[in-house]
Amino acid sequence: MMSAVNDTKLNSAVFLLTAIPGQEDIHLWISIPFCLMYVISIVGNSVILFIIKTDPSLHEPMYIFLSMLGVTDLGLSIATIPTILGILWSNSREISFNACLAQLFFIHSLSFIESSVLLSMAFDRFVAIRDPLRYASILTPPRIAKIGLVFVLRGVALIFPLPFLLKRFQYCRANVLSHSYCLHQDVMKMACSDITVNSIYGLFIIISTVGLDSLLILLSYVMILKTVLSIASHVERVRALNTCVSHLCAVLLFYTPMIGLSVIHRFGKDSSPLTQIFLGYIYLLVPPLMNPIVYSVNSRHLRARIIRVFVK
């Protein structure tokens with residue numbers, strides 16, 4: 001079954017994906033929670049997108065950004081879950097070189113777009129709290145569309161060179177990847193060439209996207225906190241902070257496993273493979289699962305619209 005890639009170049013290289021080592025006998029049982037996560041992610045994000053699109057009262061900046069987050073989460077789920085379920089259901093571990101490049105392109109570009117969306121949502125909360133009277137006039141739909149377009153172009157442009165950088169290599173090492181899907185930092189380790197350029201460029205795009213975005217989000221919340229503390233009424237302060245709870249949860253769910261996985265891949269050579277695998281699952285599967293749940297629970301307006309749809 002092992003498809004060796006010794007002295008194999010480019011498109012003829014075949015990689016083997018990894019599920020959970022040592023648990024092959026119970027893969028079918030393990031697939032049940034993954035299936036549930038996949039279904040809940042797809043249905044949850046689709047319902048939120050449908051509600052926001054069909055309800056004019058939700059055509060506000062916060063919900064438009066939430067719809068962007070939902071689209072990105074749907075893309076991440078569709079890009080990753082099929083290969084995971086393929087391994088768990090039929091032990092289909094092989095993935096061709098080109099398919100692997102396509103998957104890592106979509107995973108990384110969508111991840112960086114989601115990071116940008118989370119940044120824009122932090123700015124949205126800052127404007128809503130700092131200048132509520134001008135909130136709708138500052139974040140107009142055309143302006144939001146331009147912000148979204150810039151973030152999409154940034155994510156795609158930064159990831160676009162990665163497949164070409166990986167195609168330069170000859171792959172002559174063990175072809176077993178660490179995850180059930182392809183990541184740049186995982187694939188480049190399979191090369192028997194000098195990967196310095198890939199490593200430096202990968203670190204650069206992480207710092208210039210996730211690093212910069214997380215720093216700006218932190219700065220936004222410092223300014224939000226400063227604004228909230230200047231509000232005289234205790235009730236108004238609590239109400240203002242409550243509007244940030246969902247976004248803070250989304251930020252923590254996304255950045256914590258993503259940064260942890262990136263650090264382990266680059267510097268944690270002695271880390272347990274299971275740690276990498278579980279962090280990888282959390283990084284790509286938990287945010288699309290939890291974001292619609294968190295926002296539905298914490299947003300009274302959105303929750304009321306969802307209940308109204310299903311009660312009918």
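Student: Leaving aside its neighbours within four places in sequence, which residues is histidine 27 in contact with?

Tutor: Keep in mind that we're looking at a predicted model. Histidine 27 sits in helix α1. Skip the residues up to four places away along the sequence, and its contacts are Ala19, Ile20, Ile87 and Leu88.

Student: Does histidine 27 count as buried or exposed, and at what relative accessibility?

Tutor: Buried means under 20% relative accessible area. Histidine 27 falls under that cut-off, so it counts as buried, with a relative accessibility of 6%.

Student: Okay, zooming out: how many helices and strands are there in the chain?

Tutor: You've already met one of the helices, α1, as the home of histidine 27. Counting through the whole chain gives 12 helices and 4 strands.

Student: What radius of gyration does the chain have, and what would a compact globule have?

Tutor: The chain has 312 residues, and a compact globule with that many would come out near 20 Å. The chain agrees with this, because its own radius of gyration is 21 Å.

Student: What box do the C-alpha atoms fill?

Tutor: Here we take the box along the principal axes of the chain. Its sides are roughly 70 × 45 × 35 Å.

Student: What share of the contacts with a separation of 6 or more comes from residues 24 or more positions apart?

Tutor: Start with contacts in the chain between residues with a separation of 6 or more. Then pick out those where the partners are 24 or more positions apart, and you get 80%.

Student: What percentage of the residues count as buried?

Tutor: We use the same under-20% cut-off for relative accessible area here. Applied to the 312 residues of the chain, it gives 50%.

Student: And how much of the exposed area do carbon and sulfur atoms supply?

Tutor: The chain exposes about 15,100 Å². The part supplied by carbon and sulfur atoms is 71%.

Student: Let's do charges. How far apart are the mean positions of the positive and negative ones?

Tutor: There are 23 positive and 15 negative charges in the chain. Take the mean position of each set, and the two points are 10 Å apart.

Student: Which residue forms a salt bridge with arginine 305, and where is it?

Tutor: A search of the whole structure finds 5 salt bridges, and one of them involves arginine 305, with N and O 2.6 Å apart. This pair links distant parts of the chain, 250 residues apart: arginine 305 is in helix α12, while its partner is in the loop between α1 and α2. Both residues are buried. The partner in that loop is aspartate 55.

Student: Which helices do arginine 154 and aspartate 213 link?

Tutor: Arginine 154 and aspartate 213 form a salt bridge, with their closest N and O atoms 2.6 Å apart. The two residues are 59 residues apart, in distant parts of the chain. Aspartate 213 is buried, at a relative accessible area of 1%. The helices are α5 for arginine 154 and α8 for aspartate 213.

Student: Why does aspartate 131 count as partly exposed?

Tutor: Partly exposed lies between the 20% and 50% cut-offs. Aspartate 131 forms a salt bridge with arginine 134, which is also partly exposed, at 47%. Aspartate 131 counts as partly exposed because its relative accessibility is 24%.

Student: Last one: which residues does phenylalanine 151 touch, not counting those up to four places away in sequence?

Tutor: Phenylalanine 151 is in helix α5 and counts as buried, at 15% relative accessibility. The residues touching phenylalanine 151 are Ile113, Ser116, Val117 and Ser120.

Technical notes:
Residues are numbered from 1 along each chain as its sequence is written. This is a predicted model: local features need pLDDT of at least 70, side-chain atom pairs count only at pLDDT 80 or more; totals for chains, interfaces and linings use all residues. Side-chain values use heavy atoms; hydrogens and water are left out. The radius of gyration is taken over C-alpha atoms; the globule rule is 2.2 Å times the number of residues to the power 0.38. Buried means under 20% relative accessible area, exposed over 50%, partly exposed in between (1.4 Å probe, protein chains only). Contact means heavy atoms within 4.5 Å. Accessible areas come from the Shrake-Rupley method with a 1.4 Å probe; for residues, only the protein chains shown count as cover. Lys and Arg count as positive and Asp and Glu as negative; His and the chain ends are not counted. The place of a charge is taken as NZ of Lys, CZ of Arg, CG of Asp or CD of Glu. A salt bridge is a side-chain nitrogen of Lys or Arg within 4 Å of a carboxyl oxygen of Asp or Glu.
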